[in-house]
Amino acid sequence: MNAEYVNAFLVPAVEVLRKLAGIRVRRGRARRVEDVHVGGNLSVLIGLQGGLSGAVVLTASREVAWALAGRIAGPGTEAERDVHAVWTEVANMIVGNATGFLEKLGVREALTPPAILDGNGVRLEFGEGVENVVLPLETDVGRVEMIVSLVREAP
Amino acid sequence: MAKRAMVVDDSPYIQKELVKILEKHGFQVVATASNGLEAVKKYKELRPDLVTLDLVMPQMGGLQTLILLRKIDPQARVVMVSSMSSREKIMECAKAGARYYILKPFEEEKVVEVLNKVMASSA
């Protein structure tokens, strides 16, 4: 996958987490994977359709997701539905902000509303030709991963 | 008399944050909605002075909602609040009659500045 496309998501991911949660965020080393396993984590999936098609998944352990939600929405953020709401919106902001970067690369995107994935043994398959790139983000409260699973559509 | 507002966003977290900001700065939030269908229905019933409107929502998205609100009320004051940063989207909303476009994540000061400008401007 074109590094510029990956950066289009990575740059807003770092900015959104820093801005919302007031934490330090350090980029880890990106890696390609065959399959996407997010079991045991709290994950949010947003679909993309346009010049690039596929999905972006924001995922972290439940412990990290809860800690981040507390940093973003306040110490009382404990209820599952509240943490889900915050986590969903973080993913929404990252991918939404990425559309501006992608537009500058000549790629226009439509997004789906976010979907929560929460459970054990969750494996995602995105079909033929889709490249899965895992982008680790080390934060003050633990590791968050963004998985960018996209294929470039023929013009 | 308090300015009356409606907050439209499918995110409960964003709804809560915007309601908090609006109420802190003198607005009476008369309704919230999680999608465009609900927003149009409530606008017709309540005719708020101002609407904050998300773009990507289930059932009916923000752009279609904006167009419908402006058909119902050509003077409707609608401020888009969205994470979509593409210039094309922003221009589409401006052409459809949005007064301003606030990008998420937003800062309270920016939201207040924009809302006050919109309320101060003539329809």
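These are my notes on a helix pair, a chain contact and a nonpolar core in a predicted model.

**Entry 1: helix pair.** I looked up how helix H1 (residues 3-21) of chain A sits against helix H3 (residues 80-104) of chain A. I found that the two pack at an angle of about 135 degrees, and that their axes are 8 Å apart. Angles over 145 degrees count as roughly antiparallel and those from 65 to 115 as roughly perpendicular, so I entered H1(A) and H3(A) as oblique to each other. I noted the crossing of H1(A) and H3(A) as right-handed.

**Entry 2: residues between the helices.** From H1(A) I listed A:Ala8, A:Phe9, A:Val11, A:Pro12, A:Ala13, A:Val16 and A:Leu20. They meet A:Val90, A:Met93, A:Ile94, A:Asn97, A:Ala98, A:Phe101 and A:Leu102 in H3(A). By class, I have 13 nonpolar residues, 1 polar and no charged in this contact.

**Entry 3: chain A against chain B.** I asked how many residues each chain brings to the contact. Chain A gives 18 residues and chain B gives 17. On the chain A side, H1 and H3 each supply at least two residues. The largest share there, 11 residues, comes from H3(A). I sorted the chain A side into 8 nonpolar, 6 polar and 4 charged residues.

**Entry 4: nonpolar core.** The largest nonpolar core has 83 residues. Those that touch the most other members include A:Phe9, A:Val57, A:Trp87 and B:Val51. H3(A) gives the most to this core, with 11 residues.

**Entry 5: A:Val57.** Leaving out residues up to four places away in sequence, I found that A:Val57 touches A:Val36, A:Val38, A:Ser43, A:Val44, A:Leu45, A:Leu124 and A:Ile147.

Technical notes
Residues numbered from 1 in each chain as written. Chains lettered and ligands numbered in written order. Predicted model: local features only at pLDDT ≥ 70, side-chain atom pairs only at ≥ 80, totals over all residues. Axes fitted to C-alpha atoms, helices over the stretch in contact; angles between N-to-C directions. Helix = DSSP H or I, 4+ residues; strand = E, 2+ residues; numbered from the N terminus. Parallel < 35°, antiparallel > 145°, perpendicular 65-115°, else oblique. Left-handed = near helix turned anticlockwise from the far one by under 90°. Contact = placed C-beta atoms within 7 Å. Nonpolar A, V, L, I, M, F, W, Y, C, P; charged D, E, K, R; others polar. Core = buried A, V, L, I, M, F, W, Y, C linked by C-beta atoms within 7 Å. Buried ≥ 20, exposed ≤ 12 C-beta atoms within 10 Å, placed from the backbone.
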